[in-house]
Amino acid sequence: MEYIVQPIGVVRSVLKDPADAPKQGALTEQEAEIVVDPAYLPALEGLARKRGKIIVLCWMDRADRGRLKVHPRGQEELPERGVFSTRSPHRPNPVSLHTVTLLSIEGNVLRIRGMDAIDGTPVVDIKSHSPELDG
């Protein structure tokens with residue numbers, strides 16, 4: 001069975017290489033932009049009223065999809081663990097989930113804070129954040 005995921009936008013960031021990315025974007029003040037394809041502009045309606053947090057799902061297109069074990073946080077002195085017990089981008093289906101702060105929306109460009117994805121990363125979905133449901 002085949003599943004097709006179409007990006008709805010792309011991350012624009014000063015982070016150009018995976019080695020530059022912080023280990024946990026939510027713990028940084030790193031700012032970035034999400035440029036949404038103009039075809040999806042109607043889908044952004046109402047998002048500006050959701051001030052605060054949003055959830056962004058990305059496809060980590062430069063991840064190693066064959067890796068099933070990694071050293072947590074890239075620390076070689078730690079024993080390897082299965083990728084499902086880590087937040088490593090290297091996994092069979094490299095979907096990343098980012099809870100970020102929405103700073104502004106101008107047209108099809110979202111300015112956000114707390115994202116560790118690198119420049120050019122495809123965005124596959126944006127969801128509103130609900131503290132009652134998302135913890």
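Here are three short exercises on this structure, each with a worked solution.

Before you start, note that this is a predicted model, where local features need pLDDT of at least 70, side-chain atom pairs count only at pLDDT 80 or more, and totals for chains, interfaces and linings use all residues. Residues are numbered from 1 along each chain as its sequence is written, and side-chain values use heavy atoms, with hydrogens and water left out.

**Exercise 1.** Work out in what order the strands of the closed barrel run.

*Solution.*
- Start with the terms: strands are DSSP runs of E with at least two residues, numbered from the N terminus, and two strands pair if DSSP finds at least two bridges between them.
- Now trace the barrel: its 6 strands go β1-β2-β7-β6-β3-β8, and the pairing is antiparallel.
- From one strand to the next, the twist averages 45°, an angle between N-to-C directions on a scale from 0 to 180 degrees, with axes fitted to C-alpha atoms.
- Check some pairs: β6 (residues 95–106) and β7 (residues 109–113) share 5 bridges, with E106 partnering V109.
- β3 is joined to β6 by 8 bridges and to β8 by 5.
- In these pairs, G52 has L102 as its partner in β6, while V56 stands opposite I126 in β8.

**Exercise 2.** Find which residues touch the most other members of the largest nonpolar core.

*Solution.*
- A nonpolar core is a set of buried Ala, Val, Leu, Ile, Met, Phe, Trp, Tyr and Cys residues joined through side-chain atoms within 4.5 Å.
- Buried means under 20% relative accessible area, exposed over 50%, and partly exposed in between (1.4 Å probe, protein chains only).
- The core has 20 residues, and the ones you want are I34, I54, L110, I112, M115 and I126.
- β2 (31–36), β3 (52–59), β6, β7 and β8 (122–128) each chip in at least two core residues.

**Exercise 3.** Explain what the salt bridges of R113 and R111 tie together.

*Solution.*
- A salt bridge puts a side-chain nitrogen of Lys or Arg within 4 Å of a carboxyl oxygen of Asp or Glu.
- R113 bonds this way with E29, closest N and O atoms 3.2 Å apart.
- R113 sits in β7 and E29 in the loop between β1 (9–12) and β2, so parts 84 residues apart in sequence are tied together.
- E29 is exposed at 61% relative accessibility, whereas R113 is partly exposed at 26%.
- R111 has a salt bridge with E31, at 3.2 Å between the closest N and O atoms.
- Because R111 lies in β7 and E31 in β2, this pair links parts 80 residues apart in sequence.
- R111 also has a salt bridge with E33, at 3.7 Å.
- Put together, E29, E31, E33, R111 and R113 form a network of salt bridges.

Note on methods
Helices (H or I, at least four residues) and strands (E, at least two) are DSSP runs, numbered from the N terminus.
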